[in-house]
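Colleague: Could you walk me through reading salt bridges and pockets in a model like this one?

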Amino acid sequence: MAWRWDFAFEILPQLLWGAVYTLMAAGIGYLLAVFIGLIFMMGQRTPSYVLNRITREVVEFFRSTPLLVQLFFVFYVAPQFGIKFSAWNAAMLTMGLHYGTYLSEVYRGAIEAVPKQQWEACKALNLSIFRTYGRIILPQALPVALPGMGNYLVGIIKDTPMLATIGVVELMQSANTVGSLTYRFLEPYTMVGVIFLIISLPTAFGLRKLESMVSRRQGISKQ
Amino acid sequence: MNDIENTEEKPIVKFEEVTKRYGDLIVLDKLNLEIKKNEMVSIIGPSGSGKTTVLRMLMTLETIDEGVIYIDGKPLTHMRSKGNLIPADEKYISSLRSDIGMVFQQFNLFPHMTVLQNCIEAPINVLGLRSDEAEARAIDLLGMVGMLDKKDEHPSRLSGGQQQRVAIARALAMRPKVMLLDEVTSALDPEVIGEVLSVIRKLNSEHNLTMLMVTHQMGFAREVSDRVCFFYEGKIAEQGTPNQIFETPKNERTKQFLSAVLNAN
């Protein structure tokens with residue numbers, strides 16, 4: 001089976017359209033995860049033992065089961081209990097929760113990396129807990145968290161093909177459709193791989209730039 | 001200053017039978033200590049004698065296991081509500097805490113902020129100053145500690161002595177009544193200790209400030225203090241004027257400690 005350029009160009013628009021949805025899914029899923037992660041992180045840092053315990057178990061549960069299983073559960077099992085989601089909503093919810101638990105661990109590690117003397121300085125200056133987090137602790141945790149956060153951004157992009165399994169029309173699903181209609185698989189799947197590279201490589205590069213920019217802006221030079 | 005008439009009467013800080021434990025270890029053992037307004041008190045003693053704990057408890061960085069600490073006559077952990085003493089809430093503790101400022105051994109400046117930002121953050125967000133008021137106050141204080149030319153630098157570009165001077169300005173910007181100095185020269189290179197000590201000397205002579213200082217600088221404690229307390233195993237083993245303590249110590253432990261420390265120098 002030889003590579004056919006004319007066929008490749010013919011299916012390119014369809015695949016690019018799929019790629020737009022891949023980017024949207026990854027982008028929205030990641031944004032959700034960033035916020036859900038913050039909530040999980042705060043849950044794990046509250047003084048309340050019960051809340052603390054519950055959050056820990058939930059985080060552990062989501063981290064220890066595969067994304068695909070969670071996806072199927074939300075999309076196929078939940079409706080049997082009367083909770084219905086569209087494929088797209090099920091995808092966003094699951095990815096947000098799944099990656100949110102990963103990110104909460106990234107945040108936790110980053111916050112623990114801020115010396116405890118910084119908390120004491122805040123207390124001695126009488127800063128409120130919100131100011132302490134918002135102005136002093138989180139800004140210092142950010143440079144520590146960024147590499148981990150970036151990894152999971154690339155990770156979530158690469159996990160979007162799983163959404164094809166519940167029928168979300170993204171890049172992978174577009175290639176599946178092409179393949180099943182034309183019985184040509186070489187071009188669509190090769191192109192899927194290449195498009196993922198084209199998305200992931202600049203993302204990773206951009207993230208590294210962002211990391212060094214943030215460190216520089218905070219006067220914590222990396223060199 | 002309309003509370004001058006109280007100056008002699010009421011101590012601004014009072015420890016009453018205060019005990020602190022870490023597990024089985026007794027760090028402070030029924031400590032009684034009174035500090036008068038505008039008094040400069042030095043705490044000296046071997047490490048592990050509970051010196052720093054005294055300051056940390058006053059700053060509410062440590063809990064109190066037994067006893068009461070009063071700040072300006074008010075108990076630190078309890079407040080009055082309808083005639084009853086109830087455990088203090090955060091608002092009450094925070095209002096008492098605003099009388100106290102602390103300078104740490106490791107400076108603890110905020111590394112992501114410039115020198116000026118370090119000094120205006122809390123005055124703006126805690127005291128509610130306008131940013132131009134806070135800046136004017138900060139610039140004034142940075143001038144006093146000789147750090148005005150570095151106001152736009154980040155702490156990582158400053159020497160230890162410079163960082164510590166900024167930390168002193170940052171604490172002063174909150175206008176505390178009581179200043180706690182926790183081994184402020186212990187983390188410094190010998191050649192910059194002098195610049196920090198001279199700032200404290202200036203503070204002591206030019207400002208009406210109550211100061212409680214934990215230090216290993218015996219010469220300095222002797223020079224600036226009104227009173228020196230020698231701590232041993234969680235208690236004040238001996239206290240008195242610098243001359244009493246350094247010239248004619250009575251307690252055997254004090255004698256041993258001073259001869260060990262002074263011989264080492």
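Modeller: Sure, we'll take the ground rules, then salt bridges, then a pocket.

Modeller: This is a predicted model, where local features need pLDDT of at least 70, side-chain atom pairs count only at pLDDT 80 or more, and totals for chains, interfaces and linings use all residues. Residues are numbered from 1 along each chain as its sequence is written, chains are lettered from A and ligands numbered from 1 in the order in which they are written, and side-chain values use heavy atoms, leaving out hydrogens and water.

Colleague: How many salt bridges does the structure hold over all chains?

Modeller: Side chains of opposite charge can pair when their charged atoms come close. Here there are 25 over all chains (a side-chain nitrogen of Lys or Arg within 4 Å of a carboxyl oxygen of Asp or Glu). One of them joins B:Glu62 and B:Lys20, with the closest N and O atoms 4.0 Å apart.

Colleague: Are B:Glu62 and B:Lys20 buried or exposed?

Modeller: Both are buried (under 20% relative accessible area; exposed is over 50%, partly exposed in between, with a 1.4 Å probe and protein chains only). They also belong to a salt-bridge network with A:Glu120 and B:Arg56.

Colleague: And what about pockets?

Modeller: Rolling a probe the size of a water molecule over the atoms shows where empty space is left. The second largest pocket has about 380 Å³ of space. Its lining has 17 residues, and A:Lys123, B:Thr60, B:Glu90, B:Ile93 and B:Arg97 are the closest to its centre. That lining divides into 7 nonpolar, 6 polar and 4 charged residues.

Methods:
1 Å grid on protein atoms, 1.4 Å probe; cavity = no way out; pocket = protein on both sides within 12 Å on 5 of 7 lines; lining within 4 Å. Points joined across faces, edges and corners; volume = space filled by probe spheres on them. Nonpolar A, V, L, I, M, F, W, Y, C, P; charged D, E, K, R; others polar.
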